[in-house]
Amino acid sequence: MTGSPEDLADDFGLDSDRLARVDSLLETWTSTGVIPAASYILGRHGRVIAPRFFGHVDGQNLFLSASITKPLTVLAAMMLVERGSLTLDDRVADILPTFAQAGKGEVRIRHLMTHTSGLPDMLPENDALRAEHATTEEFQAAIDATPLRFVPGTQVRYQSMGTATLGSIVRAVSGTTLPSFLTSEVFGPLGMHDTWLGTPLAEQSRVAPVRISPEQAATDWHWNSAYWLGFGAPWGGLTTTASDYGKLCRLMLDQGRVGATRLIAPATVGAMTRNQIAPMVTIPELDRQHRPWGLGWRLSWPGSSAFFGDLLGPRAYGHWGATGTLCWIDPDADAFAVVLTTLPPGDQGTHLARISNALAACLT
């Protein structure tokens with residue numbers, strides 16, 4: 001259900017005056033060129049406000065979501081775990097034999113989902129592969145040949161290539177590509193009809209362009225290129241709307257239900273959203289206690305404003321994306337937010353943190 005600003009406070013615990021402040025903040029930023037375009041939604045107690053749009057976008061536009069793709073790739077793999085096709089301690093090389101190259105034989109699926117695999121975030125040849133318009137299979141071949149940066153399970157280092165490998169595992173185990181699996185098993189049941197992993201050419205004109213540098217614009221493989229939008233990177237290639245992505249957030253808050261239909265089990269939601277780093281005794285204490293990850297979801301990090309801001313509850317979780325995107329889910333408040341912009345946020349996600357704080361302050 002959606003709601004107008006006037007009925008929010010009484011009906012589902014949102015302060016309409018504070019919500020107007022969020023709108024004013026984004027209106028100022030887009031009108032002055034700080035952010036080219038933005039959209040957001042805020043949901044609570046089973047209801048959601050109508051999506052807001054700022055800058056040169058409207059309800060027809062899609063956003064390249066970048067790394068908020070990752071929880072969906074992990075969700076696909078966790079659906080296979082539910083079905084008895086995988087366990088988190090399965091060795092990746094037992095499913096993808098060529099992955100065992102360069103000393104990677106002991107990497108487990110659990111490591112791919114928690115950023116503890118030792119794989120790099122991006123491959124050294126990332127630019128070259130994109131310049132060649134490489135396929136996901138060619139990216140995987142390069143990952144297979146890449147040595148680890150550290151022994152699996154001994155450090156937490158963000159690694160998009162671990163998520164890429166999960167996409168290959170989904171294909172190997174399910175017999176269908178990750179984009180096809182997500183379309184039939186997740187997007188369809190959730191009603192995410194404006195969401196693609198690998199955007200069809202006919203839909204690419206709807207994607208709001210991300211702000212890129214002149215150097216990036218000189219290539220044919222930048223974020224806004226037909227190649228990248230169609231590639232469907234398992235670690236960051238999703239195009240979507242705030243309303244569509246909010247349906248995933250609602251699924252998590254509803255313990256895996258879509259209306260009367262169960263898509264995933266409550267046990268799966270629990271596993272994805274509890275601290276999976278804490279039991280790894282070979283991980284440094286600082287990371288285990290203060291930089292926790294679930295399975296695909298970043299948990300609330302004490303003492304850090306980066307991306308999530310400062311006002312979320314201790315059990316909140318979510319993700320961010322390098323194109324300027326953010327989602328969070330706070331089960332204690334029964335609330336979620338999705339923020340999609342076209343301004344890459346940098347390492348600290350300052351503008352996203354400020355928007356997150358303003359949205360969290362709307363919860364009454």
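1. Let's start with one pair of residues: Leu42 stands opposite Ala337 in strand β13. Leu42 belongs to β2, on the side shared with Ala38, Tyr40 and Arg44. Seven bridges join β2 to β13 (residues 335–341), and the two strands run antiparallel. Keep in mind as you look around that this is a predicted model.

2. β2 has other partners too. With strand β4 (residues 52–55), β2 pairs in the antiparallel sense over four bridges, and here Ser39 stands opposite Phe53. With strand β3 (residues 47–49), the pairing is again antiparallel, over two bridges, and Arg44 stands opposite Arg47. The hairpin of β2 and β3 has two residues between the strands, and in it His45 takes a positive phi near 50 degrees.

3. Why say that β2 is largely enclosed by the rest of the structure? Because eight of the eight residues of β2 (residues 37–44) are buried. Check both sides of the strand: Ala37, Ser39, Ile41 and Gly43 point one way, Ala38, Tyr40, Leu42 and Arg44 point the other way, and all are buried.

4. Now hop along to strand β11 (residues 317–321), where five of five residues are buried. Tyr317, His319 and Gly321 sit on one side, with Gly318 and Trp320 on the other, and both faces are covered.

5. Which strands pair with β11? One is β10 (residues 298–299), joined to β11 by two bridges and running antiparallel; Arg298 stands opposite Gly318 there. Another is β12 (residues 325–330), antiparallel over five bridges, with Cys327 as the bridge partner of His319. Three residues lie between the strands in the hairpin of β11 and β12, and Gly324 takes a positive phi near 105 degrees in that hairpin.

6. Next, the largest pocket, with a volume of about 770 Å³. It is lined by 33 residues, and the closest to its centre are Ser67, Asp121, Tyr158, Trp320 and Ala322. You've met Trp320 already, as a buried residue of β11. β11 and α6 (126–131) each supply at least two lining residues, and α6 gives the largest share, three. Sorted by class, the lining has 15 nonpolar, nine polar and nine charged residues.

7. Last stop: Leu148, in the loop between α7 (136–144) and α8 (160–174). Leu148 and Gln101 are 47 residues apart in sequence and 10.0 Å apart in space, C-alpha to C-alpha. Setting aside neighbours within four places in sequence, Leu148 is in contact with Ala102, Gly103, Lys104, Val107, Ser117, Gly118 and Leu119.

Key. Residues are numbered from 1 along each chain as its sequence is written. This is a predicted model: local features need pLDDT of at least 70, side-chain atom pairs count only at pLDDT 80 or more; totals for chains, interfaces and linings use all residues. Side-chain values use heavy atoms; hydrogens and water are left out. Buried means under 20% relative accessible area, exposed over 50%, partly exposed in between (1.4 Å probe, protein chains only). Two strands pair if DSSP finds at least two bridges between them. On a 1 Å grid over the protein atoms alone, a cavity is a set of points where a 1.4 Å probe fits but cannot get out, and a pocket is an open set with protein on both sides within 12 Å along at least five of seven lines; lining residues have an atom within 4 Å of a point. Grid points are joined across faces, edges and corners, and a volume is the space filled by probe spheres set on the points. Ala, Val, Leu, Ile, Met, Phe, Trp, Tyr, Cys and Pro count as nonpolar, Asp, Glu, Lys and Arg as charged, and the others, Gly among them, as polar. Contact means heavy atoms within 4.5 Å.
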